[in-house]
Number of protein chains: 4
Amino acid sequence: MARRDKLLLSSSAQERAVRRLKRFQIEVPSWGFANTGTRFGKFSQDAAAVDLGDKFADAGITHQFTGMTPSVAVHVLWDFPGGFDKSVVTLARKHGVRIGAINPNLFQDQCYKFGSVCNSDARIRRRAVKHMLDSIEIGRQAKSEHLSLWFADGANYPGQADIRRRKKWATSALQKAHKTMPRNMTMLVEYKPFEPAAYFTDFFDWGSSYLFAKAAGPRAKVLVDTGHHLLGCNIEQIVAWLIDEKMLGGFHFNDRKYADDDLTVGSIDPYQAFRIFNEIVAYEWETGRDLDIAYTIDQSHNVKPKVQATIQTVCMVQELFAKAMIVDRKALAASQASQDTVGSEEILRRAFLTDVTPLLKVVRKAMKVPADPLSAYRASGYEQQAAVQRKAKRKALGLSEGGSYA
Amino acid sequence: MARRDKLLLSSSAQERAVRRLKRFQIEVPSWGFANTGTRFGKFSQDAAAVDLGDKFADAGITHQFTGMTPSVAVHVLWDFPGGFDKSVVTLARKHGVRIGAINPNLFQDQCYKFGSVCNSDARIRRRAVKHMLDSIEIGRQAKSEHLSLWFADGANYPGQADIRRRKKWATSALQKAHKTMPRNMTMLVEYKPFEPAAYFTDFFDWGSSYLFAKAAGPRAKVLVDTGHHLLGCNIEQIVAWLIDEKMLGGFHFNDRKYADDDLTVGSIDPYQAFRIFNEIVAYEWETGRDLDIAYTIDQSHNVKPKVQATIQTVCMVQELFAKAMIVDRKALAASQASQDTVGSEEILRRAFLTDVTPLLKVVRKAMKVPADPLSAYRASGYEQQAAVQRKAKRKALGLSEGGSYA
Amino acid sequence: MARRDKLLLSSSAQERAVRRLKRFQIEVPSWGFANTGTRFGKFSQDAAAVDLGDKFADAGITHQFTGMTPSVAVHVLWDFPGGFDKSVVTLARKHGVRIGAINPNLFQDQCYKFGSVCNSDARIRRRAVKHMLDSIEIGRQAKSEHLSLWFADGANYPGQADIRRRKKWATSALQKAHKTMPRNMTMLVEYKPFEPAAYFTDFFDWGSSYLFAKAAGPRAKVLVDTGHHLLGCNIEQIVAWLIDEKMLGGFHFNDRKYADDDLTVGSIDPYQAFRIFNEIVAYEWETGRDLDIAYTIDQSHNVKPKVQATIQTVCMVQELFAKAMIVDRKALAASQASQDTVGSEEILRRAFLTDVTPLLKVVRKAMKVPADPLSAYRASGYEQQAAVQRKAKRKALGLSEGGSYA
Amino acid sequence: MARRDKLLLSSSAQERAVRRLKRFQIEVPSWGFANTGTRFGKFSQDAAAVDLGDKFADAGITHQFTGMTPSVAVHVLWDFPGGFDKSVVTLARKHGVRIGAINPNLFQDQCYKFGSVCNSDARIRRRAVKHMLDSIEIGRQAKSEHLSLWFADGANYPGQADIRRRKKWATSALQKAHKTMPRNMTMLVEYKPFEPAAYFTDFFDWGSSYLFAKAAGPRAKVLVDTGHHLLGCNIEQIVAWLIDEKMLGGFHFNDRKYADDDLTVGSIDPYQAFRIFNEIVAYEWETGRDLDIAYTIDQSHNVKPKVQATIQTVCMVQELFAKAMIVDRKALAASQASQDTVGSEEILRRAFLTDVTPLLKVVRKAMKVPADPLSAYRASGYEQQAAVQRKAKRKALGLSEGGSYA
């Protein structure tokens with residue numbers, strides 16, 4: 001049980017790590033650059049994106065400083081309000097990014113007050129399914145490979161709704177969508193144990209998403225949003241199970257203290273995030289192949305400047321993934337086999353406590369991005385410039401942000 | 001351990017219960033009648049209140065059907081936007097209600113992004129204190145007896161803010177407010193362990209509110225919002241402690257499943273709400289005096305019609321309080337003294353499981369309100385009429401509700 | 001939305017309810033009558049069972065007063081220490097009960113410190129499987145229809161163990177057991193999110209038990225222990241899903257406030273227990289058939305006298321099941337279809353708040369048991385007599401109970 | 001916001017850090033070296049301490065390898081069963097350690113089934129107080145400076161006990177103890193939200209311990225056990241508040257995933273432990289004085305070898321404290337004042353992510369202990385030797401460990 005005071009990788013191991021980290025890409029969400037808030041109101045930022053061009057510009061600058069975010073997850077309602085639009089694809093390309101996962105929006109319209117695909121009103125269910133099919137068509141034309149599904153469906157009160165009937169309605173909707181998807185598209189089925197529905201949500205845990213995905217068809221997988229778990233839940237175990245079942249389709253990364261706080265990755269519990277990456281890296285180490293997982297950020301930055309927060313979180317993901325790559329897996333396996341609890345734990349934890357900055361420097365140099373992307377971005381003047389331009393744009397458009405609680 | 005198959009109160013006990021229940025009043029919040037939502041958007045109801053007149057009308061109709069809600073908690077920013085206004089008092093009276101607790105609003109303005117009384121910027125802190133003093137003045141003129149304080153202050157990330165410094169700033173602000181309050185006014189200091197701040201809130205639990213109130217002055221007390229507790233917390237114990245310390249100033253009633261769901265009382269865990277009332281009734285039984293507590297509803301009805309939800313919750317409070325009144329306290333004390341665990345529990349639980357509808361009928365008859373206020377209201381046509389009128393009013397004013405996530 | 005002030009069932013509905021309640025049986029665990037404790041020590045009760053005869057006698061007396069507990073779940077290690085023993089069956093019969101579910105014990109022996117079927121040592125895994133096969137043989141001879149499996153397997157520390165490898169080992173063990181089970185035996189796969197393992201447990205939630213059971217074979221189902229869920233979890237939803245998937249094999253009933261407290265049913269949250277029964281009754285109402293579920297009590301009575309606690313909990317199950325039977329399901333379905341949130345909730349909650357004692361009286365009369373089983377038992381003198389006899393027995397055997405923390 | 005790729009302390013800052021770390025001492029509990037378990041049974045370790053001599057020897061070897069644990073917390077019932085005994089003091093000294101905090105045991109005897117100082121039976125309360133006074137006398141003679149109080153008092157069921165009456169009984173008991181304490185003794189009042197009592201515990205959170213301590217007298221302070229908090233609780237905030245109120249008396253350190261798991265420090269959430277130390281170091285930095293806090297380990301090592309686990313945890317405390325010492329506090333204060341959320345967070349988090357091994361090497365060299373205490377201990381042969389000797393001792397004494405669940 002050698003104490004890893006510093007990073008001691010063999011040169012071949014280091015080369016492997018650098019290669020893997022260079023391949024590691026993570027999608028950023030278009031909605032992460034706009035003003036968002038809590039139910040008590042929105043706090044506006046001058047530099048927040050006003051329109052789709054701003055969002056792609058912000059994603060592009062993130063990619064420019066990190067080299068890790070070539071694609072942008074889009075929300076159909078906000079980003080393709082009128083169906084597929086080639087100019088959107090062009091706009092993204094102009095900013096150095098491409099369209100990523102397609103996210104139908106099935107929670108914002110007033111008609112979805114009592115649910116979308118689980119609504120007891122068949123007309124609303126049909127409308128929801130139609131929106132899903134329209135979204136698939138947009139994705140097909142935009143050459144997106146992921147249909148990312150989150151449903152706000154649920155109930156606030158016992159008695160309000162029939163759990164089993166809703167399960168059947170949701171299954172039927174997913175099957176219709178699956179049948180429509182082009183061959184190269186994967187359906188990602190997200191879950192969330194609470195919020196906005198308070199008493200139950202129809203897609204409530206990994207088990208429910210697993211069964212929904214299995215019922216939908218072979219190209220449906222589970223999407224794990226790290227913030228969407230009950231307190232005390234062991235998230236890395238769920239990840240390990242889904243990997244083993246070949247049902248892990250993607251991640252929405254964020255952190256939280258209590259509820260679905262949508263905080264930046266590793267801001268509250270970096271060791272837990274590390275342990276999630278550890279399960280991925282362990283599997284890749286065993287099999288010698290990269291897992292085919294859609295890595296995405298899903299955060300809501302109420303008090304942090306949007307691009308700073310995104311760069312910060314992307315770099316943190318990279319740093320924690322790098323830490324997972326330096327775990328001595330042979331030693332760990334041997335230690336586990338000999339039931340040396342203290343020794344096994346130390347092997348894992350020492351990797352986490354090791355400073356991987358030197359490794360990241362090598363990686364970033366190879367990727368031709370700054371050694372410290374966050375500091376470089378903060379020094380670049382982009383944010384100040386965006387604030388001036390976007391403030392003026394808002395004024396010209398007569399836009400006011402905000403929105404009060406009651 | 002007699003099984004209470006039916007309600008067997010002596011006639012003197014029944015008279016005492018009826019008298020107490022007739023005295024039981026609960027305040028409703030003006031903001032509970034307007035459209036509210038989650039961070040994902042607002043769901044609009046045609047019958048939701050558009051303006052202050054509608055709010056007082058809805059409070060008045062609630063009082064008319066329940067006889068229990070003669071006062072309305074007001075939010076300064078929304079209900080007295082220009083300082084004290086005698087016409088507001090008159091408007092309330094016109095609808096058969098009066099102004100209750102004054103609630104400053106220290107969370108909605110953009111300047112409060114990083115806190116109000118705990119903001120590291122002294123100018124914001126001064127502005128927050130000034131708003132509190134203005135609110136007190138409104139309260140003085142409106143003859144309100146309660147200054148109800150909830151602060152959204154806190155931080156989203158470790159390192160973001162200095163916990164101890166903020167504690168001192170908050171203490172100083174409360175002391176200034178307390179000094180300004182008229183003699184007959186009580187300051188209610190609310191707490192909330194999370195939301196909207198995600199990493200810490202400055203007023204985070206009953207212990208913090210207790211110390212803040214003690215530092216503020218003798219007329220400051222703790223306000224318990226039943227939904228503002230960590231999972232697993234024993235709320236009735238906190239209530240018992242605050243009663244014992246003579247520091248329980250008031251309640252905000254609601255229920256929740258996971259987070260601060262603002263659901264109607266007793267919708268998720270009615271037995272827990274009963275146990276809270278049990279602590280109050282036990283103390284009143286021992287001392288022969290009513291506790292001086294400000295009972296208030298604080299809910300956010302996203303999917304329930306506002307007035308229905310308010311009547312439903314007010315009646316549930318009354319029903320659970322009535323159940324607490326039929327606990328055989330002499331038998332319970334004797335059973336506890338003999339350490340008969342099963343017997344003691346049965347005495348308490350049987351009171352909860354007893355049907356108190358006959359008792360409530362007597363009370364409601366004496367109060368000249370319908371025997372079943374909720375059904376009577378639903379049959380009254382008020383909601384349908386309000387929907388038509390308020391829809392027209394919104395149209396005339398050019399108002400559109402809603403507001404999307406991003 | 002009629003308010004159910006009293007129980008108004010049509011006579012045919014009442015007859016149906018009485019018939020169903022007469023068929024409702026619930027198994028009691030042999031270990032629930034012996035002294036148990038917390039990790040800080042055991043509190044001894046004079047009347048606690050000393051030997052297997054006492055356990056069967058206590059189960060028998062419970063059955064005598066409730067008419068609901070004809071069978072006893074047994075723990076192989078404690079109740080069949082030497083393999084199948086016909087005299088045990090006879091002893092049970094003598095006390096008016098029969099052998100119920102067979103529970104292998106895979107957590108007590110020192111060899112299981114690092115797990116049983118998931119132990120990284122193949123010899124321990126083989127020993128664990130052998131114990132399961134031996135248990136199945138005992139069950140076959142005792143004509144038991146259920147193999148009830150709970151594994152304490154897990155890890156206390158990150159790095160200690162390999163989650164995916166353990167998943168495979170467990171799957172293999174379950175498959176061996178399933179292959180060995182006689183045709184009429186059902187395997188019940190329990191789950192538990194924490195304790196005794198602190199970092200992860202191998203059978204950690206319903207999703208994991210579902211997949212384990214599916215991998216084991218067609219006669220493996222999920223066992224839901226109501227206390228084995230993370231805080232905030234919606235247990236009735238899991239029950240509804242398992243019913244819909246035809247994978248609900250059985251229950252271990254208890255209640256809890258925070259951890260796995262093993263309290264009597266409905267002692268902390270009776271409304272939640274009611275909602276669980278509501279899902280069962282709803283399905284039976286729709287299909288016209290009783291669900292084939294193994295209902296079992298699993299509690300640990302540290303401060304309550306064992307038999308009292310068992311009778312109390314059995315009667316509470318019956319009472320809550322009866323409340324679920326009086327839900328007006330036609331009205332509820334219509335109300336849900338019209339998206340009347342308040343009305344739907346009231347229909348469900350009013351059933352819960354209705355006093356079903358009159359109905360229970362009819363049922364108990366028909367079952368020839370006392371109208372108030374708990375009071376009748378307390379008045380019977382059984383406990384006092386047992387205390388005297390068992391104290392003497394302990395003295396004669398030189399037994400001392402207790403056991404300190406460190 | 002400079003990225004701290006490596007440790008860049010000025011030489012004066014480094015000297016200050018080394019001096020502070022050399023002064024940092026942490027007490028180990030005598031009970032941490034004996035076999036313990038869960039309610040399901042104890043797992044025995046051959047090398048676990050059999051008697052008091054073994055415990056002191058283990059504490060001594062921990063001190064020898066870490067230089068940080070010169071004192072041992074003792075449990076009166078187990079370590080001073082017959083009252084003060086000078087030979088115990090001598091025995092400790094022989095092993096290079098001294099007697100630390102005195103812990104009365106008020107939970108193990110059968111008489112405490114329904115509580116100790118809160119028992120409704122006045123005789124039990126008197127007995128509990130007498131045991132406290134006896135413990136104080138032992139402490140006085142052993143020159144202990146801390147009376148460490150944990151009460152298992154509480155109730156398992158609603159109705160079982162009277163919360164307010166028990167509060168008064170506990171207050172009275174603490175006052176009697178406080179009056180008896182010698183001038184140089186501090187009373188530490190621990191709290192625990194659940195376990196072993198399941199429905200409520202009488203000392204349930206920091207607010208309750210605060211009020212109990214204030215009522216007891218000026219030398220009573222709050223003891224924070226890091227594992228004794230509800231999920232989602234912000235422990236570092238409680239620590240900051242108690243520091244500000246001058247009421248933080250001491251710590252029991254451990255970590256947990258869900259319940260009171262008594263795991264080694266930083267094994268689940270090292271960042272949280274770091275943030276607790278950060279509050280301490282921040283205060284010491286502001287005032288230039290060490291806080292007078294009793295640091296103690298309180299863990300229960302079921303699957304880890306006892307001494308290894310203790311050395312591991314002590315070193316982790318030291319490492320996390322060292323990380324807290326390298327936070328750039330001037331930069332942090334300036335960043336917070338300018339409301340730079342991202343920058344402030346990075347300053348704090350980068351200190352956590354910095355490798356402090358070089359600093360620890362300097363400290364350990366100055367303390368004349370091995371650079372890597374855990375590895376050095378594992379290589380020392382102590383454990384193997386202890387296993388042989390203690391196995392023989394157990395055999396000679398006819399001791400068998402274990403103890404089953406039921």
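Two residues count as being in contact when their C-beta atoms, placed from the backbone, lie within 7 Å. Keep that in mind for this tour of a predicted model, where local features need pLDDT of at least 70, side-chain atom pairs count only at pLDDT 80 or more, and totals for chains, interfaces and linings use all residues. Residues are numbered from 1 along each chain as its sequence is written, while chains are lettered from A and ligands numbered from 1 in the order in which they are written.

**Stop one: chains C and A.** Select both chains. A rotation of 180° with 0.0 Å of shift along its axis lays chain C on chain A, with an RMSD of 0.0 Å (least squares on the C-alpha atoms of residues with pLDDT of at least 70 in both copies). This is how a two-fold axis relates them. Now pick Gly207(C), the residue of chain C closest to that axis, with its C-alpha at 2.2 Å. Because 100% of the interface residues of chain C are also interface residues in chain A, the copies meet through the same surface.

**Stop two: chains C and D.** Show chain D next. Here too, a turn of 180° and a shift of 0.0 Å along the axis place chain C on chain D, with an RMSD of 0.0 Å. Look for Arg39(C), which comes closest to this axis among the residues of chain C, its C-alpha at 2.0 Å. Of the contact residues of chain C, 100% recur in chain D.

**Stop three: the contact itself.** Chain C gives 39 residues to it, and chain D gives 39 residues.
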